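Notebook open, coffee poured. I want to look at how some of the strands pair up, then go and see what lines the main pocket.

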Amino acid sequence: MKVRELAVSGAYEFSPDVHRDERGAFVAHYTESAFSAAVGHPLRLGQNHHSVSRRGAVRGVHYADVPPGQAKMVTCVSGELIDVVVDLRVGSPTFGRWDSVRLDPVSYRAVYLAEGLGHAFIALRDDTVAAYLNSEEYNPGAEHEIDPFDPALGLPWPRDLEYLVSERDRNAPGLAEAERAGLLPSYEVCRAPHARRG
């Protein structure tokens, strides 16, 4: 398992070993030992789910109230997507920065993002399936969004696609507006749960 920290602190790309033979392939996206060595703690599992998206579908930028927040490990098990992590933690040294990773069922890469980070992706093919391991169950009352097309963020959406965006995401505030309104999580609060575990 190869691990690379992304340009956003608290986000990592995991590239697992792929075991192939005449039957196909076997891959472990998550192993506690490799994950804990990279991140500093195991992934608490509160919910596992997946989404199916058409080509051009944009989901996010989504984040959850902290505490408890919602850390995520995301993989693509069918199709192809560009996965984006945005630092929404006020006071973070990488606040407002983003990084992206292309996920597909050939490389089998996965992306982990800690509590307080924003998550988004765009599907590059029809029937793209993103699979998630989440540290907490989905709580609609604690879930928020940032405009995925906020020009101040400049997220890497391909220009040759017709975007499919939910009304919720289309009407989301930009990063600066959300910060002024006090809607974003604090960097110190986001770090506290794991600092106590160390």
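Entry 1, strand pairing. Note to self: this is a predicted model. I began at the N-terminal end, where strand E1 (residues 2–5) runs antiparallel to E2, with 4 bridges joining them. I looked up one pair there: Arg4 has Glu13 in E2 as its bridge partner. The two strands make a hairpin with 5 residues between them. In the turn I found Gly10 with a positive phi of about 90°.

Entry 2, the other partner of E2. Which strand do 4 bridges join to E2, besides what I noted above? I found strand E10 (residues 110–113), again antiparallel to E2. Glu13 turns up here too, with Val111 as its bridge partner in E10. I also checked burial: E2 (residues 11–15) is mostly covered, with 4 of its 5 residues buried.

Entry 3, the pocket. I pulled up the largest pocket and got a volume of about 410 Å³. It is lined by 22 residues, and those closest to its centre are His49, Arg59, His62, Tyr132 and Arg168. I then asked which elements give two or more residues to the lining. My list has strands E5 (47–53), E6 (57–64), E11 (117–123), E12 (128–134) and E14 (164–165), plus helix H2 (167–170). E6 gives the most, with 5 residues.

Entry 4, lining chemistry. I sorted the lining residues of the largest pocket by type and got 10 polar, 7 nonpolar and 5 charged.

Key:
Residues numbered from 1 in each chain as written. Predicted model: local features only at pLDDT ≥ 70, side-chain atom pairs only at ≥ 80, totals over all residues. Heavy atoms only, no water. 1 Å grid on protein atoms, 1.4 Å probe; cavity = no way out; pocket = protein on both sides within 12 Å on 5 of 7 lines; lining within 4 Å. Points joined across faces, edges and corners; volume = space filled by probe spheres on them. Nonpolar A, V, L, I, M, F, W, Y, C, P; charged D, E, K, R; others polar. Buried < 20%, exposed > 50% of the residue type's maximum accessible area, 1.4 Å probe, protein only. Pairing = 2+ DSSP bridges.
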